[in-house]
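Grab a pencil and work through these exercises with the model open beside you. Try each task before you read its solution.

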Amino acid sequence: MVTAVRHLGPNWYASVMGTAIVATAGAGLPLHLPGLRTACTAVWALSLALLLTLLAARTLHWTHHRDQARAHLLDPTMAPFYGCLAMALLAVGGGTLVVGRDWIGLRAAVALDTVLFGAGTLIGLTAAVAVPYLMAVRHKVHPSQATPVWLLPVVAPMVSAALGPLLVPHLPPGQPRETLLLACFAMFGLSLLATLLMLPLVFARLVTGGPLPLALTPTLFLVLGPLGQSTTAVGKFADFAPGVVSAPYAQGFSLLAILYGAPVMGFALLWLGLATAHVVRARRRGMRFTMTWWAFTFPVGTCVTGAESLSHHTGLAVYDGLAIVLYGVLVAAWATATVHTARGLLSGALLAGPRPAPVALRPVTARTT
């Protein structure tokens, strides 16, 4: 077991995020299918089990393979994935209050979410500062190396912003509730502005440098994360602001939910089409499964919750339909990634170290006399 986790990177937390969002997004669908909520709760339980397993495996990794763990921090392609640790904690915590309480009770759900939200937020804020700092002073990256993976550390606070309001009703009335809500709003701004700094680098690299390598092409879906999650966040602010902040500000949050959410969801659909076209192209050119395929799950799930929020605040059926269609895409992507990941684990391919580059032999020339 100790040897098996040597090459276990923080990117594996994406599987936890992708599983948890299936439960959370499914619970908010404008459908009343028999057994849907029970199925979502079962998926949440699976995400919790995956989180605990990965936390244990990563503890072994840091204990017995500290050299490899430090190498991940100094690797510009791997370090941004530390944002996934924060988002995995937050996603499972949010799912606890949404559906997990059905099985473990409200008091236990609030306690568990409080722990996971606190830890995830702290790690997310740390990653949002530490990873860009390492990129500037240690990684020595070039604009031509920009990929959507760079967004991961700065998106983590947006997940806190979207899921933190769920805890507001469970705090004492008055300043505790208002402080948490406005803290989430601050993290919304933090993440949004940081994303607006990073995204132009990614788009410029894509337009001027050509398509991403085949294995990295699925990461284009990561751009959907801050778009869908920010739309979800402003909807949650509007849901929980009444009675927490004064009336004019509560009304302002309700306006923001629509005036911000609708155009951002429009851009998300534009990017979804662009990213899908790139993935189809890469698939035709031989793109095979890697752990980057989990990028098809959580970002799409945030668009589902964003569409659900817009449906709630506008009452438009078109957003109901959008949420249902995107959830179908999410479930299909999650099932595909889960099956391929299970196969890779059973075969040992996903936990194997990187293959050494082939050594070219020097040509041998025969001397003639």
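Helices here are DSSP runs of H or I with at least four residues, numbered from the N terminus. Keep in mind that you are looking at a predicted model.

**Exercise 1. Get the overall picture**

Task: Work out how many helices and strands the chain has, and then describe its overall build.

Solution:
- Step 1. Count the elements: you should get 12 helices and 0 strands.
- Step 2. Check the compactness. The radius of gyration is 21 Å, close to the 21 Å that the globule rule gives for 369 residues, so the chain is as compact as a globular protein of that length.
- Step 3. Look at the extent of the C-alpha trace: along its principal axes it spans about 100 × 45 × 45 Å.
- Step 4. Ask how much is tucked away. Of the 369 residues, 50% count as buried.
- Step 5. Turn to the outside. About 17,300 Å² is exposed, and carbon and sulfur atoms supply 69% of that area.
- Step 6. Finish with the contacts. Take those between residues at least 6 apart in sequence: 82% of them join residues at least 24 apart.

**Exercise 2. Two neighbours in helix α1**

Task: Find threonine 24 and alanine 23, and decide for each whether it is buried or exposed.

Solution:
- Step 1. Threonine 24 sits in helix α1, which covers residues 13-27. Alanine 23 belongs to helix α1 too.
- Step 2. Apply the cut-off: buried means under 20% relative accessible area. Threonine 24 has 16%, so it is buried. Alanine 23 has 0%, so it is buried as well.
- Step 3. See what they touch, skipping residues up to four places away in sequence. Threonine 24 is in contact with Ala91, Gly95 and Val98. For alanine 23 the partners are Cys40, Val43, Trp44 and Val99.
- Step 4. Try a distance. Proline 76 is 53 residues from alanine 23 along the chain, and their C-alpha atoms are 32 Å apart.

**Exercise 3. Hunt for a disulfide**

Task: Why does cysteine 40 not form a disulfide bond?

Solution:
- Step 1. Recall the cut-off: the two cysteine sulfur atoms have to be within 2.5 Å.
- Step 2. Find the closest cysteine sulfur to that of cysteine 40. It belongs to cysteine 303 and is 18 Å away, so the gap is too far for a bond.
- Step 3. Check the total: the structure holds 0 disulfides.
- Step 4. Add the surroundings. Cysteine 40 is buried, at 3% relative accessibility, and cysteine 184 is buried at 0%.

**Exercise 4. Track down the salt bridge**

Task: Which two side chains meet in a salt bridge, and where in the chain do they lie?

Solution:
- Step 1. There is 1 salt bridge to find.
- Step 2. The partners are aspartate 102 and arginine 37, with 2.5 Å from N to O.
- Step 3. Place them: aspartate 102 is in helix α4 (residues 82-104) and arginine 37 is in helix α2 (residues 36-64). They are 65 residues apart, and the pair links distant parts of the chain.
- Step 4. Check their exposure. Aspartate 102 is partly exposed at 40%, and arginine 37 is partly exposed at 34%.

**Exercise 5. Two loops**

Task: Find the loops that hold phenylalanine 289 and lysine 140, then say whether each residue is buried or exposed.

Solution:
- Step 1. Phenylalanine 289 lies in the loop between α10 (261-284) and α11 (298-314). Its relative accessibility is 18%, so it counts as buried.
- Step 2. Leaving out residues up to four places away, phenylalanine 289 touches Ala337, His340, Thr341 and Leu350. Take histidine 340: it comes 51 residues away along the chain, yet the two C-alpha atoms are separated by 7.1 Å.
- Step 3. Lysine 140 lies in the loop between α5 (106-139) and α6 (152-163). At 62% relative accessible area, lysine 140 is exposed.
- Step 4. Look at the backbone of lysine 140: its phi is positive, about 55°, although the residue is not a glycine.

**Exercise 6. A nonpolar patch**

Task: Which residues form a nonpolar patch on the surface?

Solution:
- Step 1. The members are Leu255, Ile258 and Leu259, with about 280 Å² of accessible area together.
- Step 2. Locate leucine 259: it is in helix α9, residues 247-259.
- Step 3. With a relative accessible area of 64%, leucine 259 is exposed.

Methods:
Residues numbered from 1 in each chain as written. Predicted model: local features only at pLDDT ≥ 70, side-chain atom pairs only at ≥ 80, totals over all residues. Heavy atoms only, no water. Buried < 20%, exposed > 50% of the residue type's maximum accessible area, 1.4 Å probe, protein only. Patch = residues over 30% accessible without salt bridge, like charges linked within 9 Å, V, L, I, M, F, W, Y side chains within 5 Å. Areas by Shrake-Rupley, 256 points an atom, 1.4 Å probe, with all protein chains shown as cover. Salt bridge = Lys/Arg side-chain N within 4 Å of Asp/Glu carboxyl O. Contact = heavy atoms within 4.5 Å. Rg over C-alpha atoms; globule rule 2.2 N^0.38 Å.
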